[in-house]
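Dear colleague,

I am handing over the structure we spoke about, with the sequence beside it. Please have it open while you read the notes below.

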Amino acid sequence: MHKSKITGLGFEVPENVVKNADLEEIMETSDEWIQTRSGIKERRWATEDLATSDLAISASKKAMEMAGVSSEDIDLVIVGTLSSDYFFPGVSAQLQDKLNLRNIAAFDIKAACSAFVYCLSVGDQFIRSGMAKTALIVGAETQTKLIDKTTRGRDIAVLFGDGAGAAIIQTSDDDSGILSTHLHCQGKDMKNLWMEGPGSAPGVWIHNKQAIAHGRLSPKMNGREVFRNAVKRFPEVIQEAMDENGLTMEDIKLIIPHQANNRISQAVAKRMGIGMDRLYSNIHKYGNTTAASIPIALTEAHQEGKIQKGDHIILAAFGAGYTWASAAIRW
Ligand code: UT7
């Protein structure tokens with residue numbers, strides 16, 4: 001079995017920059033509260049005319065260019081998103097069409113902030129089994145269209161941003177590549193971070209004015225509980241990735257965590273006895289972009305020269321579900 005390796009990366013974010021001071025204008029919050037609680041200075045919010053697929057297409061083209069692959073080469077598309085353009089089908093179908101791909105397998109995975117690592121894991125299994133040779137793996141969101149941008153929704157509104165990141169993975173012909181992936185879920189806590197509608201559960205009324213008035217069509221979060229679980233699960237799943245491959249923290253050049261909150265990363269660094277320089281961070285610029293955060297961070301870290309051939313890196317995610325996941329990679 002041949003493992004897969006990342007051969008191309010790209011990302012895209014909306015042009016519309018929303019600074020903390022802009023949020024002060026539309027809800028009761030402050031730059032000081034946001035920065036001290038999360039480390040976020042600004043984020044990008046998609047304007048009405050921009051959809052998740054637009055960002056995904058642009059990020060995908062950049063990743064394809066870096067990998068030097070054409071539309072003909074791609075034989076699998078997996079997209080992680082909770083803010084697809086339409087309720088169904090998924091963004092993957094739009095990518096198949098807009099990128100002029102063959103009639104290959106294309107599907108979405110809804111695993112919130114862990115979705116990119118979930119997608120990467122599934123793509124890696126396809127390549128290891130010989131089912132695919134060149135896969136396009138994307139995390140993309142315009143989730144801020146869904147959020148309550150009033151004081152009522154401020155705990156969520158100030159944290160989240162939009163964007164997309166993409167990776168091309170291909171059969172590896174050397175010892176570099178995705179060494180292992182680790183996926184988890186604990187559904188009993190799902191209501192600590194969720195969006196109820198539109199959905200099929202009894203009492204969840206689709207496109208119902210009453211539901212909108214009660215905020216049931218916007219995400220809801222129990223921030224403290226999510227925080228508490230995140231600082232437990234991130235170190236666990238990072239350790240799992242190291243143990244599986246006989247690696248210690250000294251072997252790890254960089255951890256690319258899901259960009260949820262800088263304080264979460266600080267707590268993770270403290271628990272793992274490492275400096276913050278070992279955990280990549282760009283949350284100050286983009287906020288929490290859910291499924292897009294890891295591929296955006298990975299692309300920027302790579303562009304900044306922080307990942308070199310032979311380096312061991314770990315991708316680590318935690319989010320709604322709860323889901324959490326990691327991937328150990330030798331670059
Ligand atoms: O990808 C995973 C997704 N989510 C996360 O990772 C989020 C995890 N949780 C967190 O990051 C943090 O819990 C938050 C940043 C959401 C909140 O930080 P906190 O230190 O846990 O604050 P808190 O929940 O204890 O709230 C403190 C106060 C509350 O007021 P009272 O009840 O003390 O009077 C909130 O109402 O801050 C208030 N508050 C705000 N104030 C100004 C909540 N949101 C805001 C806001 N601006 N945007």
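What follows describes a four-stranded sheet, the helices that lie across it, and one further helix and loop.

Please keep in mind that this is a predicted model, in which local features need pLDDT of at least 70 and side-chain atom pairs count only at pLDDT 80 or more, while totals for chains, interfaces and linings use all residues. Residues are numbered from 1 along each chain as its sequence is written, and side-chain values use heavy atoms, with hydrogens and water left out.

The sheet

Helices and strands here are DSSP runs numbered from the N terminus (H or I of at least four residues for a helix, E of at least two for a strand). The sheet is open and has 4 strands in the order β8-β13-β12-β11, with mixed pairing, where two strands pair if DSSP finds at least two bridges between them. Its edge strands, each of which pairs on one side only, are β8 (177-185) and β11 (252-257). On average, and with direction ignored, neighbouring strands of this sheet are turned by 15° against each other; axes are lines fitted to C-alpha atoms, for helices over the stretch in contact, and angles run from 0 to 180 degrees between N-to-C directions.

Going through the pairs, β8 runs antiparallel to β13 (residues 323-330) over 8 bridges, and Leu 183 has Ala 325 in β13 as its bridge partner. The pairing of β13 with β12 is also antiparallel, over 8 bridges, and here Ile 314 is matched with Ala 328 of β13. The hairpin of β12 and β13 has 3 residues between the strands, and in it Gly 321 takes a positive phi near 140°. By contrast, β11 and β12 run parallel and are joined by 5 bridges, with Ile 252 bridged to His 312 in β12.

How well is β12 covered? Of its 8 residues, 8 are buried, buried meaning under 20% relative accessible area, with exposed over 50% and partly exposed in between (1.4 Å probe, protein chains only). This holds for both faces, with His 312, Ile 314, Ala 316 and Phe 318 buried on one side and Ile 313, Leu 315, Ala 317 and Gly 319 buried on the other.

The helices across the sheet

Helix α5 (residues 115-129) lies across β8, β12 (312-319) and β13, and runs at about 130° to β8; contact means heavy atoms within 4.5 Å. Because 12 of its 15 residues are buried, α5 is largely enclosed by the rest of the structure; among the buried residues are Phe 116, Tyr 118, Asp 124 and Arg 128. From first to last C-alpha, α5 reaches 21 Å, close to the 21 Å expected at 1.5 Å a residue, the expected span being 1.5 Å times one less than the number of residues. Just after α5 comes Gly 130, with a positive phi of about 90°.

Helix α8 (residues 223-244) lies across β8, β11, β12 and β13, and runs at about 150° to β12. Its 22 residues should span 32 Å, and its end C-alpha atoms are 31 Å apart, which agrees. The buried residues of α8 include Asn 229, Arg 233, Phe 234 and Met 242, and just after this helix Gly 246 takes a positive phi of about 60°.

Two packed helices are described by the angle between their axes and the distance between the axes. For α8 and α9 (residues 262-272) the angle is about 50° and the axes are 9 Å apart. The two helices are therefore oblique to each other (under 35 degrees counts as roughly parallel, over 145 as roughly antiparallel, 65 to 115 as roughly perpendicular and the rest as oblique). Among the residues that meet are Phe 227, Val 231 and Ile 238 in α8, and Ile 264, Ala 267 and Met 272 in α9.

A loop residue and another helix

Asn 222 sits in the loop between β10 (220-221) and α8, and at 32% relative accessibility it counts as partly exposed. Its C-alpha atom is separated by 8.2 Å from that of Lys 191, 31 residues apart along the chain.

Helix α3 (residues 52-67) has 16 residues and reaches 23 Å, close to the 22 Å expected. Its buried residues, including Leu 55, Ile 57 and Met 64, are covered by elements that include β1 (4-12), α4 (91-98), β6 (134-141) and β7 (163-171). After α3 comes Gly 68, whose phi is positive, near 70°.

With best regards
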